[in-house]
Amino acid sequence: MKTDNRKVALVGAGLVGMSYAYAMLNQNICDELVLIDIDRQRAEGEAMDLNHGLAFSGSNMKIYAGDYADCAGADIVALCAGVAQKPGESRIALLQRNAEVFRSIVEPVRDSGFQGVFLVATNPVDIMTRITQLLSGFESSRVLGTGTALDTARLRYLLGQYFSVDPRNVHAYVIGEHGDSEFVPWSQALIATKPILTIFEQGGSRYRREDMEQISTEVRDAAQKIISAKKATYYGIGMAMARISRAILGDEHSVLTVSSLLQGEYGLREVCLGAPCVVGREGVKAAVTLSLTPPEVSQLYHSADLLLEALRDIQL
Ligand code: NAD
């Protein structure tokens, strides 16, 4: 019997996973939510806690702690599991350990018969997305990462404040690695239909081109600033994941800056990075290739080189 039950399984019921779950519940985005964690007791406690809030929500969601067999029939499996960096541990050693964590997750998910879309949030998200593609053997369009979705939301918020316009009328993207080499292609940034660069060229206003550099730095450093203040970031990414999940479950064809495998776009291949894509029921439907200027293309290549180099060092 075919039903329209929207089922999501999340692996990693930590801060990010549970912020996602909380956003999914409050926005009523799915009908069934399975929480999976190596710490089963934690997943059970989180499921109980959310269930006790059901009576106050507008949702009738079925929420329970489960295991990998429960991924069968899920529309989305969201990966938020990860291990933290040990003192003195190199980035590559951490990556290698997270690759092992992903092997212990992705293979049983695949073996459950799961045929939906993988949504990856674990950092470094672009590399973990590529690893998930390789480990699962899924068509690359069905494995996407949160990429620069949250960075793009931060950018739109700051530009909205700067220009005193609703962030939903700001059309600008952060692209590349979700990390230090990410950047804003300003040639592609619009307020409604007006290019931001044109606003500066016209002059005579209180807006200054130099302020844009400060805004992109603020976006890039936002995570570190939050981590310094409260040790981790999780609400924003949880809401970004919920937004992407809604686009998938509703087959919305929304343009979101997710991390996906480039297949010749911008002359790049074999690397996942954040760039605008059309997202729907089958995952990434298509890339929206931006008309970047030559310096912007160089910046994207720099970001891709860093990611490819990190991937080369990992043994799968
Ligand atoms: P956390 O430590 O709170 O949660 C991680 C969870 O993963 C824990 O519950 C742990 O038990 C579980 N886990 C570990 N190994 C597992 C395994 N082998 N199988 C199943 N579960 C396992 O961490 P967090 O703050 O929730 O962060 C999770 C990940 O999300 C990190 O990699 C973090 O860097 C990343 N993150 C990404 C973004 C983004 O923009 N993509 C933003 C914030 C955090």
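Let me begin with a pair of helices in this model, which is a predicted one: helix α1, residues 15-26, packs with α8 at an angle of about 50°, and the two axes lie 8 Å apart. Since angles from 65 to 115 degrees would count as roughly perpendicular and those under 35 as roughly parallel, that angle makes α1 oblique to α8. As for the hand of the arrangement, the crossing in which α1 passes α8 is right-handed.

Helix α8 brings us to the second largest pocket, which holds about 530 Å³ of space. Which elements supply at least two residues each to the lining of that pocket? They include α8, spanning 235-249, together with α5 at 149-163 and β10 at 254-263. The lining comprises 20 residues, and those closest to the centre of the pocket are Ala149, Ala153, Arg156, Arg243 and Leu256. Sorted by class, the lining of this second largest pocket has 11 nonpolar residues, with five polar and four charged ones besides.

Let me turn, finally, to a sheet. Three strands form it, in the order β7-β8-β9, and it is an open sheet with antiparallel pairing. β7, at 170-171, and β9, at 194-195, stand at the edges with a single partner strand each, so that one side of each is left without a neighbour in the sheet. In the pairing of β7 with β8, residues 190-191, the antiparallel contact runs over two bridges, and here Val170 has Ile191 of β8 as its bridge partner. More generally, the strands of a sheet pair through backbone hydrogen bonds, in either a parallel or an antiparallel sense.

Methods
Residues numbered from 1 in each chain as written. Predicted model: local features only at pLDDT ≥ 70, side-chain atom pairs only at ≥ 80, totals over all residues. Heavy atoms only, no water. Pairing = 2+ DSSP bridges. Helix = DSSP H or I, 4+ residues; strand = E, 2+ residues; numbered from the N terminus. 1 Å grid on protein atoms, 1.4 Å probe; cavity = no way out; pocket = protein on both sides within 12 Å on 5 of 7 lines; lining within 4 Å. Points joined across faces, edges and corners; volume = space filled by probe spheres on them. Nonpolar A, V, L, I, M, F, W, Y, C, P; charged D, E, K, R; others polar. Axes fitted to C-alpha atoms, helices over the stretch in contact; angles between N-to-C directions. Parallel < 35°, antiparallel > 145°, perpendicular 65-115°, else oblique. Left-handed = near helix turned anticlockwise from the far one by under 90°.
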